[in-house]
Amino acid sequence: NSSSVTEFILLGLSENQGVQKIYFVVFLLFYTLTVAGNLLIVLTVTSSRHLNSPMYFFLCHLSFVDVCYSSVTAPKMISGFLVENNTISFAGCIGQLFGFHFFGCTEIFILTAMAYDRYVAICRPLHYPTLMSRRLCGRMVGGSWAGGFLHSTLQTLPTTLLPFCGPNKVAHYFCDVHPLLHLACADTRAMGAAAVANSGVISLSCFLILVASYVVILVSLRGRTLAGWHKALSTCGSHITVVILFFGPCTFVYIRPSSDLSEDRSVAVFYTLITPMLNPLIYTLRNGEVKGAMRKLCRR
């Protein structure tokens, strides 16, 4: 029987009982803020008649993805701080692996679509309404979800087929490709390389597209007035912040061969919980329209 392991034990972030209780409180707060903040943005955008530009359409989807994305890993991690052995079934583990990559990759593609939207808005303002039509925006978001699904399937299927017969302790707080490859009773070097190529190529190529789009935007601003610079950079600033916070740690974990999993764990907290929590803050603090719409929503 190839898959004799029926459940895994997630080792979490720390073995220390005292530290775990502190983590429980901190991460429960983080997760609550993530869900509340992102759902507030979804509600604000969907209920406001004024926030109907492509930028807010993408932001609404980004916030929805963030809720799903952090919900794949955070509840299991948080509840794990209170129990001695945080076990997860084989099916649950594969489900977590799939969901994590599905929503994570969808988020990467949506962030890339948002960069294109900012590029068109700043570099080709007169053509903006025709270029960024509702149909195109719908297709870009649909493509982001489809791309996430494809990437996730390619990461999950080979892992599911591996034989797991020995140790079942996952050196992480959720099921990801690298920690599971370490537990398989087979030579996983080729698969490890494929996983790095798959996640790494997506993270890096999207990151390079994003950087290129911002270089083009900055070059196109050369002859502009100071007010023009300020307006352009204020709409891009929040997006650049999110991109750096999300892609930096993400690329660090997936672009290099996995050796030190303890490093990966602490870095992963960044893109699984901290960035989704900061997204609503980053986008609303810099945006008067969203703040105004939120106030209206709260009054209602």
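Display the molecular surface of the chain: its accessible area comes to about 14,100 Å², of which 68% belongs to carbon and sulfur atoms (Shrake-Rupley method, 1.4 Å probe; for residues, only the protein chains shown count as cover). The model is predicted, so local features require pLDDT of at least 70 and side-chain atom pairs pLDDT 80 or more, while totals for chains, interfaces and linings use all residues. Residues are numbered from 1 along each chain as its sequence is written, and side-chain values use heavy atoms, with hydrogens and water left out.

Next, colour by pLDDT, the predictor's confidence in each residue from 0 to 100. The chain has a mean of 84, and 96% of its residues reach 70 or more. Among the elements, α5 has the highest mean, 93, and helix α8 (residues 226–255) the lowest, 75. Where pLDDT is low, the predicted coordinates should not be read in detail.

Switch to the cartoon, which shows 10 helices and 3 strands. These are DSSP runs numbered from the N terminus, with helices being H or I of at least four residues and strands E of at least two. Their order from the N terminus is β-α-α-β-α-α-α-β-α-α-α-α-α. The radius of gyration is 21 Å, close to the 19 Å that the globule rule gives for 300 residues, so the chain is as compact as a globular protein of that length (taken over C-alpha atoms; the rule is 2.2 Å times the number of residues to the power 0.38). Along its principal axes the C-alpha trace spans about 65 × 45 × 30 Å.

Select Ser-14, in the loop between β1 (7–10) and α1 (17–47). With a relative accessible area of 12%, Ser-14 is buried (under 20%; exposed is over 50%, partly exposed in between; 1.4 Å probe, protein chains only). Leaving aside neighbours within four places in sequence, Ser-14 is in contact with Val-19, Gln-20 and Tyr-23, contact meaning heavy atoms within 4.5 Å. Then add Arg-265: its C-alpha atom is separated by 9.9 Å from that of Ser-14, although the two are 251 residues apart along the chain.

Move on to Thr-156 in helix α5 (residues 134–160). Thr-156 counts as buried because its relative accessibility is 6%. Show Ile-94, Leu-97 and Phe-98 as well, since Thr-156 touches these three, not counting residues up to four places away in sequence.

Finally, return to the whole chain. Of its 300 residues, 50% count as buried. Among contacts with a separation of 6 or more, 80% involve residues 24 or more positions apart.
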